[in-house]
Amino acid sequence: KSYRSSGEDTLWLMDVSSYYPSLMYYLGYMSRGIPKSEHETFKDIYDTKFRLSAEGRSSETKSQKLILNTIYGCMKNQYNGLYDPRMVNNVCITGQLLLIDLIDKIEDYATLIQSNTDGIIIIPKDEAKVLEAMKEWSIRTQMPIEPEIVKALYQKDVNNYIMINEDDSITLKGAMVSQSQYGKSNNPNKNSKSIVD
């Protein structure tokens, strides 16, 4: 199905910034393999990522993002000292429940196009009401979220789509399209014996 922003209907991508690390940070869902004395280090990396991002230094946030996401990934690896399936489940389940709560708060003011692990795509019917509900949700849950306008979305499903961003960059998701030369995330080394896109 395809969707395009127009004068009447605008597509909004509402992704939670660093959703899984945010859940770990604010709700205390860090691996129990991390000593309490090291929780401040995680918080410092998290805060640095958001500070650099706010200063427009997005290229410098990549190292912090990698560290934060790797810590979450290690929590799912039974051969890693951070392995903690209980906390992984807490992150995933709580994250989905919070997004369902957000959908519930905006459903009268927007059409839901898709929901995924860290955000939703909507067509707002009443932008002011959606922004008000989103702000209340963000304050209550402590999850950082801002809407981004999407020019167009062509999707087979939530795991396979082409998205034209407001700056005309292209986001590709899924095995059907992600190896295209047009995607900013194109990585020819992604296919390997262990990982097939």
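How many residues does helix 3 have, and how far does helix 3 reach from its first C-alpha to its last? Select helix 3 (61-74). It has 14 residues and reaches 20 Å, close to the 20 Å expected at 1.5 Å a residue. Keep in mind throughout that this is a predicted model.

**Stop 1: helix 3**

Show the side chains of Thr61, Gln64, Leu68, Ile71, Tyr72 and Cys74. These are the buried residues of helix 3. Now add helix 1, helix 2 and helix 4 to the selection. The buried residues of helix 3 pack against these three helices.

**Stop 2: the largest nonpolar core**

Next, select Met14, Tyr19, Met24, Leu102, Ile106, Ile122 and Trp137. The largest nonpolar core has 37 residues, and these seven touch the most other members. Colour by element to see who contributes. Two or more residues come from each of strand 2 (11-16), helix 1 (19-27), helix 2 (39-54), helix 3 (61-74), helix 4 (85-106), strand 4 (119-124) and helix 5 (127-141). Helix 4 gives the largest share, 8 residues. As background, nonpolar side chains tend to be buried together in soluble globular proteins.

Centre on Tyr19. Leaving aside residues up to four places away in sequence, Tyr19 touches Thr94, Gly95, Leu98, Leu99, Thr117, Asp118, Trp137 and Met143. Apart from the largest core lies another one, of 10 residues. Its members include Leu13, Val150, Leu153 and Tyr161.

**Stop 3: Ser18**

Step back along the chain to Ser18. This residue sits in the loop between strand 2 and helix 1. Is Ser18 buried or exposed? Ser18 is buried, with a relative accessible area of 15%. Check its backbone too: phi is near 45°, a positive value in a residue other than glycine. For context, most residues other than glycine have a negative phi.

**Stop 4: helix 5**

Move to helix 5. It has 15 residues and reaches 21 Å from its first C-alpha to its last, close to the 21 Å expected at 1.5 Å a residue. Select Val130, Ala133, Met134, Trp137, Ser138 and Thr141, the buried residues of helix 5. Look down the helix axis. The buried residues fall within an arc of 135°, so they line one face of helix 5. The background is simple: an α-helix has 3.6 residues a turn, so residues three or four places apart point the same way.

Which exposed residues does the face turned away from the buried side of helix 5 carry? Select Ala128, Glu132, Lys135 and Ile139 to see them. Then return to the buried side and show what covers it. The cover includes strand 2, helix 1, helix 4, strand 3 (110-115), strand 4 and strand 5 (145-157).

Go one residue past the end of the helix. Helix 5 is followed by Gln142, which lies in the loop between helix 5 and strand 5. Its phi is near 70°, again positive in a residue other than glycine. At 40% relative accessibility, Gln142 counts as partly exposed.

**Stop 5: strand 4 and its partners**

Select strand 4. Of its 6 residues, 6 are buried. Both faces are covered. Gly119, Ile121 and Ile123 lie on one side, with Ile120, Ile122 and Pro124 on the other. In a regular strand the side chains alternate between the two faces of the sheet.

Add strand 2. Strand 2 and strand 4 pair in the antiparallel sense over 4 bridges. To find one, pick Asp15: its bridge partner in strand 4 is Gly119.

Now add strand 3. Strand 3 and strand 4 are also antiparallel, paired over 5 bridges. Pick Ala110 and its bridge partner in strand 4, Pro124. The two strands form a hairpin, with 3 residues between them.

**Stop 6: Ser31**

Jump to the loop between helix 1 and helix 2, where Ser31 is found. Ser31 is buried, with a relative accessible area of 1%. What does Ser31 touch, not counting residues up to four places away in sequence? The list is Met75, Leu82 and Asp84. Draw a distance from a polar atom of the Ser31 side chain to the backbone oxygen of Leu82: it is 2.7 Å.

**Stop 7: Lys156**

Finish in strand 5, at Lys156. Lys156 is exposed, with a relative accessible area of 58%. Its side chain makes a polar contact with the side chain of Asp157, at 3.0 Å. Last, select Met176. The C-alpha atoms of Lys156 and Met176 are 9.1 Å apart, with the two residues 20 apart along the chain.

Technical notes:
Residues numbered from 1 in each chain as written. Predicted model: local features only at pLDDT ≥ 70, side-chain atom pairs only at ≥ 80, totals over all residues. Heavy atoms only, no water. Core = buried A, V, L, I, M, F, W, Y, C linked by side-chain atoms within 4.5 Å. Buried < 20%, exposed > 50% of the residue type's maximum accessible area, 1.4 Å probe, protein only. Contact = heavy atoms within 4.5 Å. Expected span 1.5 Å × (residues − 1). Arc of directions from axis to C-beta. Pairing = 2+ DSSP bridges. Polar contact = N/O pair within 3.5 Å; in protein donor to acceptor, adjacent residues only side chain to side chain.
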